[in-house]
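Please look over the sequence and structure shown here before reading on. The report that follows takes up one loop residue and then turns to the ligand and its surroundings.

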Amino acid sequence: MKLKNKKWSLDKFMQIREEVLKQWDTGAEVDLEDAIEYHKSLPEQKDMSKKLIEAKEEKITLTQPRAGVALIDEHVELLKFLKEEGQADLLPTTIDSYTRQNKYQEAEEGIKQSKTEERSMLNGFPAVNHGIKGCRKVIESLDAPVQVRHGTPDARLLAEITLAGGFTSYEGGGISYNIPYAKDVSIEKTIYDWQYVDRLIGYYEEKGISINREPFGPLTGTLVPPSISHSVAIIEGLLAAEQGVKNITLGYGQCGNLTQDVAAIQTLEELAEEYLSEYDDIVLTTVFHQWMGGFPQDESQAFGVISWGGATAALAQATKVIVKTPHEALGVPTKEANAQGLKTTKQVVNMLKDQHFMPNGVLEKEKEMIKKETKEILNRVFELGKGDLAKGTVRAFEAGVLDIPFAPSKYNAGNLLPARDNNGAVRYLNHGNLPFSEEVINFNKEKLEERGKDEERDPSFQMVIDDIYAIGKGMLVGKPRT
Ligand code: 5AD
């Protein structure tokens with residue numbers, strides 16, 4: 001494997017493709033020409049790329065849940081309910097954990113058991129096992145675009161089957177579906193395997209079918225500073241664009257401080273436009289993820305968290321918002337709870353759709369610092385790769401120049417420590433080996449010292465712990481005296 005950020009030749013792609021399609025029986029069903037024809041036959045309202053472009057033009061924020069169960073009919077019923085009762089604009093298909101691990105035999109058992117027990121024995125939809133026919137049944141039963149959402153380091157076969165099955169959007173990336181999800185898969189391998197996915201989507205694009213690609217923004221979901229997730233999102237966007245992907249949605253997970261979150265969504269789009277300007281005809285949109293950290297058990301408190309996420313997404317004018325449910329602390333939600341989260345969000349988003357978060361000194365300062373931090377990281381990544389982004393990313397993880405807090409992967413340095421400042425914005429308590437300038441280091445330090453003064457303690461690891469548990473106790477900042 002000679003990793004470099006260069007568009008794969010069709011020959012190379014087709015050669016590897018032969019092996020990929022052999023990974024499970026249903027791979028043999030995939031015929032790219034037939035898949036292209038199938039997409040051409042689908043009505044416009046099932047096209048994710050089109051829907052997102054429209055929303056961006058209209059400056060509205062679309063709602064999307066997460067959802068997936070083992071069997072086809074039940075999955076369709078669930079998604080119909082979320083569309084009709086929950087008023088979801090965009091639909092998901094959350095893939096089960098076995099499929100994410102490429103354990104298709106176990107997924108097959110899960111399907112069998114679900115039929116016997118008459119309830120879902122998998123935590124998502126096993127799309128590879130259901131094959132193209134099963135996927136097309138889902139797509140044909142619904143009148144909204146459907147996205148594949150998962151967490152799969154090697155997602156090549158899943159992409160082949162779901163895209164040929166009519167899905168029009170695919171989540172993930174070589175960093176964002178590795179480091180937060182896997183312990184010992186090398187970053188080199190996942191970047192390579194995701195180049196395959198992006199090249200496949202590049203192939204569809206060449207044939208006139210625009211499939212939306214969405215790197216997974218929130219990463220580990222807890223106390224991830226915006227400049228970390230922005231760096232990863234922009235790298236994955238660039239790697240995808242190189243393989244021919246055109247319609248890209250970059251994501252960010254809510255940190256909780258309104259100014260920082262609005263600044264994050266705005267800078268994500270602005271920075272990405274700058275970095276991706278060398279590629280033609282790219283359409284960029286943004287997705288805001290409601291709170292990805294631990295949730296309060298109490299459902300009323302959970303609605304508070306959900307509403308605040310909806311409000312922030314609308315004020316930031318994210319193109320879409322991924323919605324949480326009042327069952328988040330418990331596990332996979334019922335369809336009713338899922339619809340409740342959607343309706344709560346829709347109400348807030350509608351109420352705020354004509355209001356914008358006005359530029360002001362604080363917002364502009366926040367944006368300036370996010371941009372500075374992100375650029376300092378990305379500059380070093382390019383340097384380490386001697387201009388090649390794929391190589392640079394591998395080396396940056398080795399050197400701790402890219403470092404994701406609280407990640408399980410042994411390929412991640414894990415030297416970073418984030419903590420909230422006195423206003424709840426996420427800062428660097430310890431920036432590990434991130435290549436930051438004095439200005440950035442001092443800015444973060446001063447923000448945390450301000451909090452320390454207020455709490456009469458030195459900024460330390462205890463603050464990090466307090467911050468992680470704060471939301472469950474009904475707070476954003478883990479202040480000892482409240
Ligand atoms: N249905 C609904 N939500 C799901 N999640 C994971 N699997 C499913 C599913 N099958 C949600 C979790 C968490 C997020 C990462 O995905 O509850 O909010």
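## A loop residue

Thr319 is found in the loop that runs between helix 12 (299-316) and strand 8 (320-322), in a model that is predicted. Because its relative accessibility is 5%, and buried means under 20% relative accessible area, Thr319 counts as buried. The side chain of Thr319 also has a polar atom that lies 3.0 Å from the backbone nitrogen of Thr286.

## Where the ligand sits

The ligand sits in the largest pocket. Around the ligand are Arg66, Ala67, Gly68, Thr94, Asn123, Lys324, Glu328, Val332 and Pro333, and the residues of this shell divide into three nonpolar, three polar and three charged.

## Polar atoms at the ligand

Which residues of the shell place polar atoms beside the ligand, and at what distances? Two side chains are among them: Glu328 has a side-chain N or O atom that is 2.6 Å from an oxygen atom of the ligand, while a polar side-chain atom of Lys324 lies 2.7 Å from an oxygen atom of the ligand. Asn123 takes part through its backbone, where a polar atom is 2.8 Å from a nitrogen atom of the ligand.

On its own, the ligand has 400 Å² of accessible area, and the protein covers 76% of that area.

Terms used
Residues numbered from 1 in each chain as written. Predicted model: local features only at pLDDT ≥ 70, side-chain atom pairs only at ≥ 80, totals over all residues. Heavy atoms only, no water. Near = heavy atom within 4 Å. Polar contact = N/O pair within 3.5 Å; in protein donor to acceptor, adjacent residues only side chain to side chain. Areas by Shrake-Rupley, 256 points an atom, 1.4 Å probe, with all protein chains shown as cover. 1 Å grid on protein atoms, 1.4 Å probe; cavity = no way out; pocket = protein on both sides within 12 Å on 5 of 7 lines; lining within 4 Å. Sits in = over half its atoms within 2 Å of the grid points. Nonpolar A, V, L, I, M, F, W, Y, C, P; charged D, E, K, R; others polar. Helix = DSSP H or I, 4+ residues; strand = E, 2+ residues; numbered from the N terminus. Buried < 20%, exposed > 50% of the residue type's maximum accessible area, 1.4 Å probe, protein only.
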